[in-house]
Structure formats: structure tokens, C-alpha cells
Amino acid sequence: MSITTRELKNGKIVYDNAFMYKGIRYKKRGFKTKGEAENWEITIKYEVNKNGSYFQPCEKRFFEVYEEFFRIQKDKMALNTISSYNTGIYHIKKNKVYKMKILDINYSILQSFFNELAKDHSKSSCEQVKKVFNATFTHAIKNGYMSFNPMQYVKINVKKNNKEKRIITNQEFIRICNYFLSDNTFEHKSIYIALCIGYYTGARISEVMALTKNDIDFEHHTISFNKRLEYRVKKEDLYTSTMKTQNSYAILPLAKPLENLLEEWLEVNPYENIVCFEDGSYPSYNYIQKHIKSASKELGIPFHFHMLRHLYATNLVKNNVNISVAKKLLRHAKVETTLDIYTHTNFSEEQKALESVFSNNFNDNYPKITPKVN
């Protein structure tokens, strides 16, 4: 044991203990007696031998640990990740758990919190909040504030929303395109090109924004998705980064209408970036979304860029594209994701199918009244 004595200004003697154990240094000052200092060291060694680690009871509150985590990680986060964390912490701030001591937060408190949250919020909103809790508790464990994550058994029980997901029609897409073409500016034409790439490839906006001329192969009629555009908070600039998953990397066939549009656009656009300002620089996601929102409001068409991915998937379904081919075109990691689209396309289409089968034309073949079942 490495116990030392120290005299305070008031003349009192206190004991400090600092020692190494299994590669980790432990230190605590201000014990009233030598026995307390010795017992503290014995307790640590016992906990390490029993549980593999030791954490000292933490007085920090949840929001303090979250702010500590966020301050350290913020500069490494993409803009949309920061937005997700801000949304999640916004919901937590409304609850008492936000100011609770982190060691007082247990499974029961968290499960009750999520049970209430799920009554008025979507599963995606609940998942954003879950992400904040998990990140904060993981940070706390790494720093020895707590020994386990109380979120591990929490379940999010959101009632399934049977409301049909809004998908824009091909006609609505044409109206949106015409809106941007009516204003003969370089920026609006650039947004139009971005929309067309989304429509003909189902690509996400960050992937479309990162495209360069080298990604378009007119000789082999392909388009390559190999990067995405991100926002760097610390430097306040846009940069290209790697894809989130391996499945997102792909070289896909270039639809002939899109190929023609790109050939025409590259005659006007002298820069490497496909979607850009008139000086060749990247427009931000917020800039694109702001103009899309204006078009949506003026035309009365509820629309955001990611809806083009849904429309692309719907067009594949309606044209009977083989599911394995659709999976590759959509770049889904699991075929189940593609299957979900194929089985939940648009309820109105299913309704029309039933009406065509059980229409008045089939009165002779089908019973007019459903027979009773005994």
C-alpha cells in the first residue's frame, strides 16, 4: 500500500492513497484515518478480482454526462448525426430523468419513460432517444461512472401505424421538375439534375450530392456510388466521406433518360461536381432542402428528397422487377427490407386489384351474399 500523510492548513492530518493494480492506477485523497485509506484499497482490489473492474460511485447527473460525451464527440459527427442527437435530447429534457443522478437511473424508470414516449411518438423518434441514452451510458461506463447499461433490457413498444406511407406519383414528380426548370438559373437546373438522379437511381441525397464526372461512365452506361457528402461542424465545410455500409457501394446501370440528361448537363456544367453552384462548389443539404420545401409548398405536393427513393422502389414493384434484382438496385443489405417494400407498396393498388377481381362482371361466378358459416 502507498499511503501517505498530509497536513491541512488547519493542522489536521489526512491520509492519501495511490497505488497500481493490474495495470491501472487508483488514487484518492483526504481519508480521515489510515484504516479508511487501507479499506478503500482492499475494496478496489476485491471488486477488480470479482467483476473485472471498479467504478467509484458517481454524483454526476444524466445531463452532465451527456454534455461531457457530446462535447468530446461533436467534432467527429456528421451534421445529420448532430441533428439526431439534438432531437433525442430534446425529448429527454422534458422528463425528470434528465436531471437525475446517473446511478439512480434504472430499468424501471427508463421503461416507464419509453412507454409514455411511445404513446405519442413514432418508432423512429423513440429510436433517436434510445440512441442518446445508449451513447451517454456507454460513455459513463468507459469513464468508470457506472458498471452497466440500464438500457439493455428496455423495449420500445410502439403501436404499429397502419396509415399508408405517402408516395408521390410520377406525375407529381414531373410537376416538381417543371417548377425548377421554369426558373432558368444554374442553381435550379442543378437541383433539377439532383432530383432526376434520385428518381432514376433511388440514391440518397448525400450520395447524389457527392457525385463527380468520374462517377459517370457513358461508354459502359454506368453510374458509380462510392462516397457521400457530409458537413464538418468544426471547420464548417462540406466534404466527401466513405459510405455508411458496404452495400451502399455500387456501380449501377445508367437509365437511358438519365444518361441523356447528364450528357446535356455536362455540356453546360464545366465543373467536376455534378450537383454544384455556379462557381463549382457544393451546395449544402439544407440549401437543396430549402428550395425543395418552397416548391412543395407552392405546388401543394408534400415532398422531400428521400421520397424519390420510395418512388423508385414503387416503380420497380409496379413493373414486376425480380426481387433479387430490386435488392441490388436499391442496395439493400437484407432481402427482407426489399420484401417489405414488395408486400407493402400502396394499399390503393391492392384495393384496385380486388375490385377488378370481384367486380360486377363476375356476378355469375361469385356469390352475391356471403354464405353463413355454421
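This section describes the predicted model of a single chain, from its overall composition to selected sheets, helices and residues.

The chain contains 14 helices and eight strands. Of its 374 residues, 39% are buried. Contacts between residues at least 6 apart in sequence join residues at least 24 apart in 58% of cases. The exposed surface of the chain amounts to about 23000 Å², of which carbon and sulfur atoms supply 51%.

An open sheet is formed by three strands in the order S1-S2-S3, with antiparallel pairing. Its edge strands are S1 and S3 (24–31), each of which pairs on one side only. On average, and with direction ignored, neighbouring strands of this sheet are turned by 20° against each other. Strand S1 (residues 3–7) is joined to strand S2 (residues 13–21) by five bridges, and isoleucine 3 has asparagine 17 of S2 as its bridge partner. The two strands make up a hairpin with five residues between them, and glycine 11 in the turn adopts a positive phi of about 95°. On the S3 side, six bridges link S2 to S3, again in the antiparallel sense. Asparagine 17 takes part here as well, with lysine 28 as its bridge partner in S3. Helix H1 (residues 34–51) lies across S1, S2 and S3 and runs at about 25° to S2.

A further set of pairings involves strand S5 (residues 222–225). Strand S4 (residues 216–217) runs antiparallel to S5 and is joined to S5 by two bridges; aspartate 217 is partnered by threonine 222. S4 and S5 form a hairpin with four residues between them. Histidine 221 is placed in the loop between these strands and has a positive phi of about 60° although it is not a glycine. With a relative accessibility of 40%, histidine 221 counts as partly exposed. S5 also pairs with strand S8 (residues 250–253), in the antiparallel sense and over four bridges. Within this pairing, the bridge partner of isoleucine 223 is leucine 252 of S8.

In a regular strand the side chains alternate between the two faces of the sheet. In S5 both faces are covered: Thr222 and Ser224 are buried on one side, and Ile223 and Phe225 are buried on the other.

Two residues of S5 also belong to the surroundings of threonine 201, a residue of helix H7 (residues 186–201). Threonine 201 has a relative accessible area of 3% and is therefore buried. When neighbours within four places in sequence are left aside, the contacts of threonine 201 are Ile223, Phe225, Leu258, Tyr312 and Leu329. Leucine 329 is separated from threonine 201 by 128 residues in sequence, whereas their C-alpha atoms are 7.6 Å apart in space. The side chain of threonine 201 also has polar contacts with the backbone. One of its polar atoms lies 2.5 Å from the backbone oxygen of isoleucine 197, and the backbone nitrogen of alanine 203 lies 3.2 Å from a polar atom of the threonine 201 side chain.

Leucine 329 is one of the buried residues of helix H12 (residues 323–330), alongside Ala326 and Leu330. These residues cover an arc of only 90° around the axis, so they are placed on the same side of H12. Just after H12, arginine 331 takes a positive phi of about 60°, although arginine 331 is not a glycine. Arginine 331 occupies the loop between H12 and helix H13 (335–343). Its relative accessibility is 4%, so arginine 331 counts as buried.

Histidine 221 and arginine 331 thus both provide a non-glycine residue with a positive phi of about 60°. Histidine 221 is partly exposed at 40% relative accessibility, whereas arginine 331 is buried at 4%.

Notes. Residues are numbered from 1 along each chain as its sequence is written. This is a predicted model: local features need pLDDT of at least 70, side-chain atom pairs count only at pLDDT 80 or more; totals for chains, interfaces and linings use all residues. Side-chain values use heavy atoms; hydrogens and water are left out. Buried means under 20% relative accessible area, exposed over 50%, partly exposed in between (1.4 Å probe, protein chains only). The arc is that of the directions from the helix axis to the C-beta atoms. Two strands pair if DSSP finds at least two bridges between them. Axes are lines fitted to C-alpha atoms, for helices over the stretch in contact, and angles run from 0 to 180 degrees between N-to-C directions. Contact means heavy atoms within 4.5 Å. A polar contact is a pair of N or O atoms within 3.5 Å; within protein, one must be able to donate a hydrogen and the other to accept it, and residues adjacent in sequence count only if both atoms are side-chain atoms. Accessible areas come from the Shrake-Rupley method with a 1.4 Å probe; for residues, only the protein chains shown count as cover.
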